[in-house]
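Me: I'd like to go through some labels with you and see what stands behind each one. Could you take a look at this with me?

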Amino acid sequence: MKKLLYNQRLAPYLFILPFVLTLLIFWLVPVGRSVVMSFQEVLYGQATFIGTRNYERLWRDQVFWKAMFNSIRYMVLTLIVLVPIPMILAAIINSKLGSVRMKNFFKSSLFVPALTSVVVAGIVFRLMFSETDSGLMNQVVSFLGFGPVRWLREDLTGLFALLLLALWRWAGVNTMYFLAGMQAIPSEYYEAASIDGAGKIQQFFNVTLPGLKPTIVYVTTISVYGGLAMFLESFMLYAGNNSPNNQGLTIVGYLYRKGIQENDLGFASAVGVVLLVLVLVINLTQLTATGTFKKESAR
Amino acid sequence: MTTQTTVSSETDRTIVVERPRISRRTAVLIQSAFLVLIALVSLVPILAIFVGTFQDGNEIIRNGMSFSFDFSELSLDNYVMLFTDSGLYFQWFWNSLIITVIQVVGTLLISSFVAYGFAMYEFRGKSLGFILVIILMTIPFEMLMLPLYVQVNDIGAADQYWIVVLPFLAQAVTIFFFRQYFLGVPREILEAGRVDGVSEFGIFFRLVAPIARPAFAAMAILNGMTVWNTFLWPLLVLRSPDKFLLPIGLNTLLTPYGNNYELLIIGSFFSLIPILILFLAFQRFFIDGMTAGAVKG
C-alpha cells in the first residue's frame with residue numbers, strides 16, 4: 001500500500017481512474033447501447049432487430065425535421081446573442097473607468113439569474129409573457145405602442161421568449177468567462193498598443209480579441225452544446241412537451257417524447273444517435289479548425 | 001466613445017485644459033447608468049417573483065406577472081401557508097440540500113484528482129485521454145439519458161440517490177477547468193514534496209490543493225448551482241414524492257387540475273435562498289479562481 005502511494009509511474013493512472021470508469025460505465029456503454037437500440041424495436045423489454053427501419057422512419061418524419069430545425073435555429077441564435085453581448089459587457093467592466101463597487105453590484109446582479117433553476121425561470125417567464133394585457137411583457141409592448149401579443153402562441157414571439165430566457169440566464173456566466181479571459185491578458189500589451197497610438201476601439205480589436213481566442217472557443221463550444229441540447233426551457237415555458245404546432249419542440253424534446261412519454265425506445269435511440277453525430281461533427285470541426293486538438297497533443 | 005487616451009490628453013493639456021476631464025466624467029456617468037440599467041433589467045424576474053409571494057395565486061394566473069398590482073390586496077398569507085401547510089416542500093428542500101453538498105464535494109474531489117493526473121504527470125495515453133475529456137465535454141447528457149435510464153431500470157437502481165449522483169462525479173467541464181489551473185502551478189513543488197518524503201497523494205492534498213483554493217471556490221459555485229437546480233436526470237430516476245429534489249417537487253405543483261400557484265411562487269422564491277448564500281459567500285474567490293484558471297491557449 002505504502003509503495004503504491006509513492007509510486008510516481010502508477011500515480012497518474014490512479015488519479016485518472018475515476019475518469020476512465022465514468023467514461024466506460026456512463027458514456028461508452030450507454031452510447032453503444034443507444035446505437036444497438038436504434039436498430040431495434042423495443043417493446044416491454046423485448047427487443048427485435050429491425051435493421052435501419054427506425055432511421056427510415058426518422059427520415060420521413062416531419063415532426064423530427066421540425067424539431068431539428070427548431071434546435072439548430074435556437075443554437076445559432078443563442079450563439080449570436082450569447083457571445084458578443086457578454087464580451088462587450090466584460091469589456092466595459094474590465095475598463096479602468098468607473099467605481100469598483102458599482103461594477104461588483106453589476107457583476108453580482110448579472111450572475112443571479114444563473115442561480116435560478118429552469119423550473120423557476122420557466123415559470124416566471126411564462127407568467128411574464130402571459131397573454132393578458134396586464135402581463136409584464138404586454139405592458140412593455142403597449143408602452144411602446146403595440147397591441148397585446150399572444151406571446152407563446154406564435155412561433156416567432158415564442159422563440160423570442162426562449163431567446164430572452166437564454167440571454168437572461170446565461171449572459172452573466174459568459175460575462176464572467178470573458179472577464180476572466182480579459183484579466184489574463186498582460187497589461188503590457190495594452191500599454192504597448194497605446195504607445196503605438198491605438199485607441200480603445202483599436203485596442204479591443206487588436207489586443208483583446210486575439211487574447212480572448214481560447215475563451216471564445218470555450219464559450220462557443222459550451223453554447224453549441226447548450227443550444228442543441230435545449231429542452232427544459234421550452235418544456236417549462238410551454239407547460240409541458242406539447243407546444244402549439246410543435247413550435248417549441250427540440251431534438252431532445254422529441255427524444256423525450258418518443259422514449260419516455262411514448263416508450264418507443266428504438267426510435268428514440270435513433271433520434272439520440274443523430275443528435276450525437278450532429279453535436280460531434282459541429283464541435284470536432286470547430287475544435288480542429290481552431291487548433292485546440294493540436295495544442296493538446298503537443299503538451 | 002468619449003474617452004481620450006491618457007497619452008493624448010497629456011499632450012493636449014496646454015491647449016484644452018478642461019475638455020479631457022469632462023469627457024472622462026461623462027464617460028463614467030454613461031457607463032454607470034448603462035451598467036445599473038442592465039443590472040436592474042436582469043433582476044426584474046427575481047423582483048417579479050418576490051412581488052408574487054405577496055399575491056393571490058388566482059390573481060397571478062389570471063393577470064400574468066407584472067408590477068401593476070393592487071397594494072391593498074397584498075398579504076402575507078402565502079408565507080403563513082409555506083410554514084404551516086406546504087406538504088412536502090421542506091422535505092424536498094432538505095433532500096436538495098443534502099444531495100447538493102454530497103455531489104459538490106464528490107465532484108470537486110474526483111474531478112480535481114483526474115485533472116491533477118492530466119496536468120502534472122507524463123504517461124502513456126495522456127494526450128488521447130485528454131482529447132477524450134474534451135470530446136466528452138461536448139456530448140449532451142440528454143443524448144445518454146435514454147440508454148442510462150433503461151440501464152437503471154435493468155439493474156433496479158431507480159429511486160435511489162446514488163444513481164442521481166454517481167454519473168456526474170468525474171465531470172468533463174470541471175476536469176478541464178482544474179487542469180488549466182494546475183498547469184499554472186510550478187512543478188518544483190512536486191519535486192520538493194518528493195524530496196521531503198511526501199506520497200503522491202499527500203503532495204496533492206497537502207501542497208497543491210491549498211494553492212488551488214480559488215479554483216475550488218469557483219467550481220463549488222458552478223457545480224453548486226448546477227446540482228441545486230438539476231432537474232432532468234432526477235426526474236427520470238426518482239419515483240417516490242418524498243425523495244424528490246426541490247425543482248422536481250416544485251414542478252409537480254404545476255398540475256392542470258389543482259391550483260398551487262401560491263406555493264409554487266413562494267416555494268420558487270425560497271429555493272433561491274441557499275444558492276444565493278453560497279454565491280455571495282464564495283463570490284470573492286470567484287473571479288480570482290476563474291482568472292487563474294482562465295481558458296488559456
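Me: What makes the lining of the second largest pocket nonpolar, polar or charged by class?

Reply: Happy to help! This is a predicted model, and in it the lining of the second largest pocket divides into 19 nonpolar residues, 1 polar and no charged. Leu, Trp and Val count as nonpolar, while Ser falls among the polar ones. The pocket has a volume of about 560 Å³, and of its 20 lining residues the closest to the centre are Leu164(A), Leu167(A), Trp168(A), Val41(B) and Ser42(B). Ser42(B) is therefore polar by this rule.

Me: Which helices supply at least two residues each of that lining?

Reply: From chain A they are α5 (84-94), α7 (118-128), α8 (136-143) and α9 (155-183), and from chain B α2 (19-52). The most comes from α2(B), with 7 residues.

Me: Why are α2(A) and α6(B) called oblique to each other?

Reply: The axes of α2 (residues 11-37) of chain A and α6 (residues 126-137) of chain B cross at roughly 45° and come within 11 Å. Roughly parallel needs an angle under 35 degrees, and roughly perpendicular needs 65 to 115. An angle of roughly 45° fits neither, so the pair is oblique. The crossing of α2(A) with α6(B) is left-handed.

Me: Which residues meet there, in α2(A) and α6(B)?

Reply: Phe19(A), Leu23(A) and Trp27(A) in α2(A) meet Gly129(B), Leu132(B), Val133(B) and Leu136(B) in α6(B). By class, this contact has 6 nonpolar residues, 1 polar and no charged. Gly counts as polar, so Gly129(B) is the polar one.

Me: How do you know that α4(A) and α15(A) are roughly parallel?

Reply: Here α4 (residues 62-82) and α15 (residues 265-289), both of chain A, have axes that cross at roughly 30° and come within 13 Å. The cut-off for roughly parallel is under 35 degrees, so α4(A) and α15(A) earn the label. Their crossing is right-handed.

Me: What makes up the contact between α4(A) and α15(A)?

Reply: On the α4(A) side there are Phe64(A), Met68(A), Ile72(A) and Met75(A), which meet Val271(A), Val274(A), Leu278(A) and Ile282(A) in α15(A). The contact divides into 8 nonpolar residues, with no polar and no charged.

Me: And how do the axes of α10(A) and α11(A) cross?

Reply: The axes of α10 (residues 187-195) and α11 (residues 200-211) of chain A cross at roughly 145° and come within 10 Å, in a right-handed crossing. Tyr189(A), Tyr190(A), Ala193(A) and Ser194(A) of α10(A) make the contact with Gln203(A), Val207(A) and Thr208(A) of α11(A). That gives 4 nonpolar, 3 polar and no charged residues.

Notes:
Residues are numbered from 1 along each chain as its sequence is written. Chains are lettered from A and ligands numbered from 1 in the order in which they are written. This is a predicted model: local features need pLDDT of at least 70, side-chain atom pairs count only at pLDDT 80 or more; totals for chains, interfaces and linings use all residues. Side-chain values use heavy atoms; hydrogens and water are left out. On a 1 Å grid over the protein atoms alone, a cavity is a set of points where a 1.4 Å probe fits but cannot get out, and a pocket is an open set with protein on both sides within 12 Å along at least five of seven lines; lining residues have an atom within 4 Å of a point. Grid points are joined across faces, edges and corners, and a volume is the space filled by probe spheres set on the points. Helices (H or I, at least four residues) and strands (E, at least two) are DSSP runs, numbered from the N terminus. Axes are lines fitted to C-alpha atoms, for helices over the stretch in contact, and angles run from 0 to 180 degrees between N-to-C directions. Angles under 35 degrees count as roughly parallel, over 145 as roughly antiparallel, 65 to 115 as roughly perpendicular and the rest as oblique. A crossing is left-handed if the near helix is turned anticlockwise from the far one by less than a right angle, and right-handed if clockwise. Contact means heavy atoms within 4.5 Å.
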